[in-house]
Amino acid sequence: MPEAADEPLLRVEDLCVSFRSERGLLRAVDRLSFTVAPGEILAVVGESGSGKSLTSLAVMGLIDDPNAVLTGSIRYRGRELVGLPRRELRKVRGDEIAMIFQDPMSAMTPVYTIGWQIAEQVQAHSRLTRRQARARAVDLLGEMGMPNPAIQVDRYPHQLSGGMRQRAMIAMALSCNPSLLIADEPTTALDVTVQAQILRLVEQLRRDHGSSIVFITHDMGVVAEIADRVMVMYAGKVVERGPKPDLFATPGHPYTVGLLDSIPPMAGAKPRRLPAIPGAPPSPADRPDGCPFGPRCAHRHDSCRVDPPLYRRGRQDVSCTLVPEGADA
Ligand SMILES: Nc1ncnc2c1ncn2[C@@H]1O[C@H](COP(=O)(O)OP(=O)(O)OP(=O)(O)O)[C@@H](O)[C@H]1O
Ligand SMILES: [Mg+2]
């Protein structure tokens with residue numbers, strides 16, 4: 001389908017993911033909307049349980065829990081993916097979208113060597129021969145910082161350590177030069193040098209192939225390094241989003257302020273005096289009425305009893321009543 005000039009690569013609108021339970025329908029992802037432009041790196045941040053993985057699995061069409069209920073719209077190059085038959089979806093996904101999973105084992109087949117699996121991916125997206133695809137697999141594993149890639153390539157996933165499996169999975173996702181890469185905490189299990197290398201490879205994918213990247217991370221330092229735009233999630237919702245420079249310079253939501261506060265100050269930088277955020281986010285089973293961040297918020301006041309909409313503030317959208325008057329809801 002031809003793309004309109006201003007059509008984002010990915011447009012998610014009012015996405016809800018709920019689970020049937022004894023206590024009724026529990027909403028884990030709550031009316032989430034966002035877009036990803038061609039060639040853009042969107043960082044998604046938020047504490048554990050905020051719905052980051054579920055959102056990516058929804059885009060991939062990989063939520064297979066029979067108790068899950070998904071509503072809303074996910075359009076890729078203008079084409080609706082919600083409700084698409086599995087076979088069609090698999091085709092869009094295989095040709096265009098790749099994901100680095102938080103759990104590497106979920107992306108790998110235990111009965112094939114990692115080299116075989118990477119070569120399969122490479123061959124599905126190129127005209128390389130089996131021998132060339134295997135050589136490419138060895139190169140990719142080397143680029144991921146895997147020692148002795150020519151030997152490791154013949155190992156099975158269970159023969160590798162967690163960090164090595166993570167590298168093999170990233171190699172697999174990058175090998176097909178996807179138009180959209182969803183990377184769910186790809187660097188968490190890796191040491192700092194390898195992390196830096198992975199970030200460079202992701203940037204290279206964007207530079208060489210114009211790919212868009214959704215990069216999920218807990219680490220605001222990584223966000224600072226790699227993102228064009230940032231989406232902050234809390235309790236299944238967007239609480240703030242905007243271009244990285246704006247969001248870092250003038251965070252609008254107290255939660256974003258708290259997250260930014262978790263970055264160790266750089267040498268010479270003025271340390272922020274704001275305290276880290278005490279408490280933990282609510283689970284889908286006990287979300288408070290009103291602003292979901294209210295119970296942890298130092299600025300909480302009466303109007304927080306109503307869940308705030310996203311207010312426009314400059315180039316940012318902020319779901320907080322503290323946004324100065326005059327902002328557009
Ligand atoms: N199959 C399921 N059934 C019921 N609840 C689920 C299911 N999968 C996820 N959830 C709940 O949905 C919420 C969001 O989960 P999700 O895995 O998306 O969080 P996350 O932001 O990726 O967290 P983390 O940073 O720990 O990876 C969590 O509260 C989780 O317990
Ligand atoms: Mg997750």
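Colleague: Which way do the side chains of strand 6 point, and are they buried or exposed?
Modeller: In this predicted model, Ile97 and Met99 point one way from strand 6 (residues 97-100), while Ala98 and Ile100 point the other way. In a regular strand, side chains alternate between the two faces of the sheet. All of these residues are buried, which means under 20% relative accessible area (over 50% is exposed, in between is partly exposed; 1.4 Å probe, protein chains only).

Colleague: What makes strand 6 and strand 7 a pair?
Modeller: Strands are DSSP runs of E, at least two residues, numbered from the N terminus. Two strands pair if DSSP finds at least two bridges between them. Strand 6 and strand 7 (residues 180-184) have 4 bridges and run parallel, so they pair. Alanine 98 stands opposite leucine 181.

Colleague: Why is the link between lysine 52 and ligand 1 called a polar contact?
Modeller: A polar contact with a ligand is a pair of N or O atoms within 3.5 Å. An N or O atom in the side chain of lysine 52 is 2.8 Å from an oxygen atom of ligand 1, so the pair qualifies. Histidine 218, with a side-chain N or O atom 3.4 Å from a ligand oxygen, therefore qualifies too.

Colleague: How are the numbers and letters assigned, and what is counted?
Modeller: Residues are numbered from 1 along each chain as its sequence is written, with chains lettered from A and ligands numbered from 1 in written order. Local features need pLDDT of at least 70 and side-chain atom pairs 80 or more, while totals for chains, interfaces and linings use all residues; side-chain values use heavy atoms, without hydrogens and water.

Notes:
Polar contact = N/O pair within 3.5 Å; in protein donor to acceptor, adjacent residues only side chain to side chain.
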